[in-house]
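Here are my notes on the model you sent, as numbered points. They cover the pockets, two backbone angles, the second chain and its internal cavity.

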Amino acid sequence: MIPPIAVAKAVAYADSLALMAAGITLIYMCTKTFNFAHASFVTWGFYIAFTLTSLYGGSPYYYLPVAFIFVGLLGVVVYVLVIGPLMRRGASPTTLMMSTLGVDLVLLSFIQMFTDYLTRVFKLYARKIVLEVYDFDVFGLPGVTFISLVVVVFIISALHIFLVRTKFGTAMRATIENPNLASVLGINPDVVYLTSWFLGGGLAGLAGAIASITITGDPTVGSRIVVSMFASSIVGGLYSIYGSVLGGLLIGLTEYLGIMVLAIQLGGWVAVYRPVIPLIALATTLLVYPKGLGGINWSRITVRFKSLVGGS
Amino acid sequence: MELIPPVILYILVDFSIYLIVTLSLNLEVGYAGLPQFGRVLAVLTGALVAGAIPGRLLALMYGLPYGPEYAFYEYNYKVVDTLNTILEKNPLLSVTIFIFTLVLAMVLGAVIGYLTSKPAIRLREAYLGITLLAMGDVLMLITYYYTPIIGGTTGVSVVDPFRWTGGARFYVATFTLLGIALLTFLLIERLTKSPYGRVLRAMRDSELAITVYGRDIVKLRTYTLMVGAAIASLGGALYTFYTGSCIASTYTRVTWTFWPWAFMMLGGTGNNLGVMFGVLVFVIVKTLIVMYRGLLAPYVPFDPVWLEYTFVGMAIVLIAIFRPQGLIPEKPIFTIPRKKIEELIKA
């Protein structure tokens, strides 16, 4: 039987994965860029939570907004310096993806240097990070489960209100649908793209900071879970933020709990093959239903379901 | 006896291996326009073949353990040691096993290429890139933890087919590698100048047009992925033979996918000569960083080893922005003028 604490941890992990996938999807929808630098973005969020908690004390939760803003600004820098110029020249999606891989390598090397710096100057051992000790308990379960759920619900509602109710959100959706038409109506696509990179980066930083409270980290933590992030985003359909959140929750829970069930059934040796699960989910989605969860026409399904129920 | 300084040999080995791998990448990316983000998959396949098969074959021949226990580290080094003493006295056997393994690596590489082509036919651009990348990661992960093939986390020693050359081992090995790399270069240069190469470029530039002219895109893509993977697999097998050991954790997506991409982009995507030049420049700069990072160490508060990553990453970004065609851009192919063709037909 799976202990409740494992379920709680799985939920926290799935929540952070959902936020990462939402960021990837937002950036992809607006700028058609598969952002590989998301791996390093997440790791930066992770290290901001760790560094500030270690140096200034307090709970890691205080530093969630800092992680959001810092990594969001990092996203803005990446857009202004790399993606913007490439997009204006009409670079192909493959070139855009490759350039984010380059950005990822640079950011990764900066994290590695920063880690060395923390060790040498502040005498912090930063190559194996566990912030779980700073967490609080709620009825014997880790607090991060509840906090991360609240954050996911809050972020989804805020994004929904932002995209549907505000003028800028409407402009953003218009740009996603048709950038040329939107710019004819006086919307500056550049500002929209910039915002998407700020929000996408910010979500990655936030997700990294949340993940730091539940999983053990080192400078490569982002690139280890980057396949899970992309799997979540693709299972979600890449054209819907809600779909990507659902995808993240689905992948996170299946990965965490699925491997646990398999380990109980088959033995502990199976645990190291955990990253195979998101790959299977990714391949299945692409081969069976490439539109993903976000592409499912829910209203049609409910209508059909109602007629079925009504007919019987 | 030191005819050539070791650093030159080191550069030549790196150059040869990366030339083979990057040329195969260029065939798929530069000519066929496929987003090959999983180059490591085929390279690892070659390494697996070289790490697991020749030693086992020899062990079978000489009545040594060849089953899963071959890969366990308590047995492995003893078995490989015994086999190496046998190979030392038997140049013919050494050369045979070397060539046999390379051929097998290419065949299995082609099989892996065929398997990756299954999703490649249906997926486009970035989706395909992600899928290939994930496949490479997963094969690395499985072979790193699954011990019976190449010993998992402990790795295996590999039989040394150059042992019989005695003291000249490193020279012979290096120049064999270089020779095979240059041969691959000539082969790919021929291949890309052939009608097949021209069809690939046409497919890259307009799939619609090439379909109109009656070419089967699915077949072309499958064939290209198979050829590319076979050549990359050859590179992996050669590298394993050279280093004399094989462990899956060497084959990360950074060193065997992103680096070749950076080399290719610097030299000139779609130009084999440019790729050769790009590989040479990068390998020399990388070696210089490795050699001189010790001098920098006292002045910076971090390990200068990370500068290598900064350098490769910056190179990728800067080339993409400022010189997307690379140092030596792709040139248009000049076909024979019509008059000449008519003359040829008459003659």
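**Notes on the predicted model**

1. The 38 residues lining the largest pocket include A:Thr220, A:Ser223, A:Arg224, A:Ile225 and B:Leu141, which are the ones nearest its centre. The model is a predicted one. The volume of this pocket comes to about 1100 Å³.

2. Which helices supply at least two residues each to the lining of the largest pocket? From chain A they are α1 (4–31), α4 (93–122), α9 (221–235) and α10 (241–266), and from chain B α5 (125–145) and α11 (253–267). The most comes from α5(B), which gives eight residues. By class, the lining of the largest pocket has 22 nonpolar, nine polar and seven charged residues.

3. The second largest pocket has a volume of about 690 Å³. It is lined by 28 residues, and those closest to its centre are A:Ser92, A:Thr94, A:Thr95, B:Val29 and B:Gly33. Two or more lining residues come from each of α4 of chain A and α1 (6–31), α8 (195–205) and α11 of chain B. The lining of the second largest pocket divides into 13 nonpolar, eight polar and seven charged residues.

4. Two residues of chain A deserve a look at the backbone. Most residues other than glycine have a negative phi. A:Lys32, however, has a positive phi, near 55°. A:Lys32 sits in the loop between α1 and α2 (38–56) of chain A. A:Lys32 counts as partly exposed because its relative accessibility is 35%, and partly exposed covers the range between 20% and 50%.

5. The other is A:Leu238, also not a glycine, with a positive phi of about 65°. A:Leu238 is in the loop between α9 and α10 of chain A. Is A:Leu238 buried or exposed? Its relative accessibility is 0%, so A:Leu238 counts as buried.

6. Chain B contains 14 helices and two strands. Its radius of gyration is 21 Å, which agrees with the value near 20 Å for a compact globule of 347 residues. Along the principal axes, the C-alpha atoms of chain B fill a box of roughly 65 × 55 × 40 Å.

7. Of the 347 residues in chain B, 53% are buried. Among contacts in chain B with a separation of 6 or more, 79% are between residues 24 or more positions apart. Chain B exposes about 15400 Å², and 70% of that comes from carbon and sulfur atoms.

8. B:Leu123 is placed in the loop between α4 (91–122) and α5 of chain B. B:Leu123 counts as buried because its relative accessibility is 6%, where the cut-off for buried is under 20%. What does B:Leu123 touch, leaving out residues up to four places away in sequence? Its contacts are A:Leu286, from chain A, and B:Leu128, B:Thr131 and B:Arg221, from chain B. The C-alpha atoms of B:Leu123 and B:Val227 are separated by 19 Å, with their positions 104 residues apart along the chain.

9. In α8(B), the buried residues are B:Tyr196, B:Gly197, B:Val199, B:Leu200, B:Arg201 and B:Met203. Which elements cover the buried residues of α8(B)? The cover includes α1, α7 (169–193), α9 (207–212) and α10 of chain B. As noted in point 3, α8 of chain B also gives two or more residues to the lining of the second largest pocket.

10. The model has four cavities of 30 Å³ or more. The largest cavity holds about 50 Å³ of space. Its lining consists of B:Glu28, B:Gln36, B:Gly38, B:Arg39, B:Leu41, B:Ala42, B:Ile112, B:Gly113, B:Thr116, B:Leu132, B:Leu225 and B:Ala229.

11. At least two residues of the lining of the largest cavity come from each of α2 (39–61), α4 and α10 (217–243) of chain B. By class, this lining has six nonpolar, four polar and two charged residues, the charged ones being B:Glu28 and B:Arg39.

Technical notes. Residues are numbered from 1 along each chain as its sequence is written. Chains are lettered from A and ligands numbered from 1 in the order in which they are written. This is a predicted model: local features need pLDDT of at least 70, side-chain atom pairs count only at pLDDT 80 or more; totals for chains, interfaces and linings use all residues. Side-chain values use heavy atoms; hydrogens and water are left out. On a 1 Å grid over the protein atoms alone, a cavity is a set of points where a 1.4 Å probe fits but cannot get out, and a pocket is an open set with protein on both sides within 12 Å along at least five of seven lines; lining residues have an atom within 4 Å of a point. Grid points are joined across faces, edges and corners, and a volume is the space filled by probe spheres set on the points. Helices (H or I, at least four residues) and strands (E, at least two) are DSSP runs, numbered from the N terminus. Buried means under 20% relative accessible area, exposed over 50%, partly exposed in between (1.4 Å probe, protein chains only). The radius of gyration is taken over C-alpha atoms; the globule rule is 2.2 Å times the number of residues to the power 0.38. Contact means heavy atoms within 4.5 Å. Accessible areas come from the Shrake-Rupley method with a 1.4 Å probe; for residues, only the protein chains shown count as cover.
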